[in-house]
Structure formats: C-alpha cells, structure tokens
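Here is a quick tour for anyone about to load this model into a viewer. We start from one residue and work outwards.

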Amino acid sequence: MPGPPASAAANASTATDASAGTSTAFGTHERPSADAANEDASSMAKFGIGSSMFSELKDLFWLISTRTQRAGSLSPQGFIAKLKQSNELFRSNAHQDSHEFLNYLLNEIVENVEKINRDMGDSGRTGAPLHGPNQLIGNTWVHTLFEGLLTNETRCLSCECVTSRDETILDVSVDIHENTSVANCLNQFAAGELLCHDNKFYCDNCGGLQEAERRMRLKRLPNILALHLKRFKYHEVLGRYVKLSYRVNFPTELRVPNTTEETEDMLYSLSAVVVHLGGGPFHGHYISIVRSGEKWVLFDDDCVEIIKESELSNYFGDFPNFGSGYVLFYERTDFDPMQYDLPRPFSPPPVGPDQPFTPGSHGSSGIQG
C-alpha cells in the first residue's frame, strides 16, 4: 500500500466525499502531462495487473509521491471511477461514511492482493514475520499492518463457565461519552455488560438460561490500530441518527492497556486522523491530518497546510467549526516493517523540522503483493 500505511489509509478514507471529482494533494489542479510518467505509474502497463481498487490507489499515490513539481494537484478520477464501478453505493454524490469506506477499501484490497498473488503463483509478499512464529490469520501485508485478534467472552454467573470466540479485526470501534479520552473509551470497551432479565445467556453447562457477563477483549493488538470513534447514534425520540459532538481527547502517544493474559500494555504513536466536519451523518465533509516526520500536515481536498501539534486539540470534537476526530490511526512504537515480508517501496524522506514542505514527501508505492 502506498506511503506510510496509516497516512495513506487516512488520506484514502477522506475520499468518501470526493465522488464529484475532487482533486487531491497539493495546490491548484494540474493533470500530469508526461505520458512516460503515467505509463510508469500504470499497474497494467508496468506489471500486467488488471484494474482494481488496489491498483488504482497504488497508481494515484505513485503519481503523487514521484512528482517533482512543488505546486499542482492530481485528480483521483481513475480511483473514483473504479470505486463507482466496484460498489454501487458510491455511484451518486451522496455523503458516505468514511469508516464504512475504510472497511470496504481494506477488505477490497485484501481480495485484490490475494488474487494478484494467486495469478503470480503465490510469489507475492505474505506479510509474515521474517523471524519467529507467525500469529497472523490473514496472509497479506494488509493483515500485517491492521490485523488484530478480538475475543468475545461470556461467563455464566451460575457455574462460572466461560465461553469464548476469537475473531480477526482490521479496526476497533468504541463508544464515546462527553469529556472523555481515547484511553477511557478503550477501557470501557473491555468493561463488559450484564446479560439478565429478557437477555439471559443460554449456558450449555447449566442446560438453561442464566445471567451472564459478556465482554470483548483485545487478545492480540495490531501493528496499526485503526480506532473508530462512534460519533453517530440513533436518537429514538427524533427517529434518526444524530452526531455526538463530544470532546474526546486523543493523545499523540497512547498506551493501550492489556485486556487479556496474552497481551501486555502497548505504546502507540498517533500517525493520522480523519476528521468529520458537519452536523450529521448524511452531510458534511472529511479532512485528514497526517504526521510527516516532526510535522503535522492537514489535507483538505487540494488545500494543504502544516499545522502545529498543539492545534490537534481543536479536533477533539467540542469545537464544531473545526470538526471532530472520527477515525484515528495509531502505530505501535516497536513496529519495524523491515522485520516482515512486506513490499519494499520507494520512499522519499519525510518532512523534517528544517525541511520545506513539498508535496512529493507524502507517499510511496510498491506493487509487490
């Protein structure tokens, strides 16, 4: 996947309101003029790989990352056209949810990469660790980056028997409350709920309905934690979904507490934020904020600017004019991509504290599965 993976995913997630042909990246609209550059970016021309969501996204980020111009923008027309062809939900200009889009995009890319690997005789990158045991369930580099393991536990309060079921996840969705933090949301996520009255649990060991405690635990943490804040909630009185403009503090460093005996506390660093602007789920706008080196860069269609780290608090959710953090991307501080069988992309150096910001510093691309 192009670029720093969390950054690329965040920028791709903001494409949900770009179906009208919004340009991306930097400055004023400018179509690439060099046929050679376009041919070099084309997955079909260079690698003989058919058009897919993966190849179109790869080609787009390749064009962005290899540009030499300091101004201009690229229209994601190929990506948007493929998106509309692949999923009828995006064939209108209706507002779409960026979290749902992220889920669709990641799962679609997984299918695309698996097909590429099959067509290449399984010669693509597996994403497995180069050394030590492989705990991953999936077999692509997408799973290496985003896959975690969630366990659903139900404990019967009569016999204390515990029933558990594991499932793989590519993101985590958490409920939010007024004046809270991401760490608190994760603690509440693992707090559990009581099953009682009309919602009792059928215990096989007891042979009948019993009161029980059910909870979800993160059994294996992902290398990149895509954290979805559930800002849209159905309001029974109004009969519709409303936006929860609650203040949710998301720190630049997050220590995820252990939730099972198999996991330890893990330190994560914030890489990117998808921000929703607007008063409800069916209208509004998305922007993304991405860390590049020591700088934070705000992407709003073809408008790009560097912001101070202290300005991130404007997007905690209690300042409607700035919008609300909606999907957060945290990367494990001990994650070393070189220790996995991952694509080895061309990667321009990040923007350092003393370097001028240039558009070409925000992405890279590699086509190997």
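## Starting from one residue

Glu 305 sits in strand E17, which spans residues 303-307. Keep in mind that this is a predicted model. Is Glu 305 buried or exposed? Neither label fits: with a relative accessible area of 41%, Glu 305 is partly exposed, because that class runs between under 20% for buried and over 50% for exposed.

Which residues does Glu 305 touch, once those up to four places away in sequence are set aside? The answer is Trp 296, Val 297 and Leu 298. As for Ile 289, it lies 16 residues from Glu 305 in sequence, and the C-alpha to C-alpha distance between the two is 9.6 Å.

## The whole chain

Zooming out, the chain has 369 residues, and 50% of them count as buried. Its secondary structure comes to 8 helices and 18 strands. If you look at contacts with a separation of 6 or more, 67% of them are between residues 24 or more positions apart.

## Two nonpolar cores

The largest nonpolar core holds 44 residues, and the members that touch the most others are Phe 79, Ile 109, Trp 141, Phe 146 and Phe 329. Helix H6 (residues 98-119) gives the most to this core, namely 9 residues. Another core lies apart from it. Here they are side by side:

| Core | Residues | Some members |
|---|---|---|
| Largest nonpolar core | 44 residues | Phe 79, Ile 109, Trp 141, Phe 146, Phe 329 |
| Another core | 34 residues | Leu 244, Val 256, Met 266, Ile 307 |

Ile 307, listed in the second row, belongs to the residue range of E17, the strand that also holds Glu 305.

## The largest pocket

For anyone thinking about volumes, the largest pocket comes to about 1000 Å³. Its lining counts 42 residues, and those nearest the centre are Ser 173, Val 174, Asp 175, His 228 and Lys 230. Several elements give two or more residues to this lining, among them H6, strand E3 (172-174), helix H8 (182-189) and strand E9 (224-229). So H6 turns up here as well as in the largest core. By residue class, the lining divides into 19 nonpolar, 12 polar and 11 charged.

H8 deserves a closer look. Val 182, Cys 185, Leu 186 and Phe 189 are its buried residues named here. Why do these four share a side of H8? They cover an arc of only 100 degrees around the axis, so they end up on the same side of the helix.

Key: Residues are numbered from 1 along each chain as its sequence is written. This is a predicted model: local features need pLDDT of at least 70, side-chain atom pairs count only at pLDDT 80 or more; totals for chains, interfaces and linings use all residues. Side-chain values use heavy atoms; hydrogens and water are left out. A nonpolar core is a set of buried Ala, Val, Leu, Ile, Met, Phe, Trp, Tyr and Cys residues joined through side-chain atoms within 4.5 Å. Buried means under 20% relative accessible area, exposed over 50%, partly exposed in between (1.4 Å probe, protein chains only). On a 1 Å grid over the protein atoms alone, a cavity is a set of points where a 1.4 Å probe fits but cannot get out, and a pocket is an open set with protein on both sides within 12 Å along at least five of seven lines; lining residues have an atom within 4 Å of a point. Grid points are joined across faces, edges and corners, and a volume is the space filled by probe spheres set on the points. Ala, Val, Leu, Ile, Met, Phe, Trp, Tyr, Cys and Pro count as nonpolar, Asp, Glu, Lys and Arg as charged, and the others, Gly among them, as polar. The arc is that of the directions from the helix axis to the C-beta atoms. Contact means heavy atoms within 4.5 Å.
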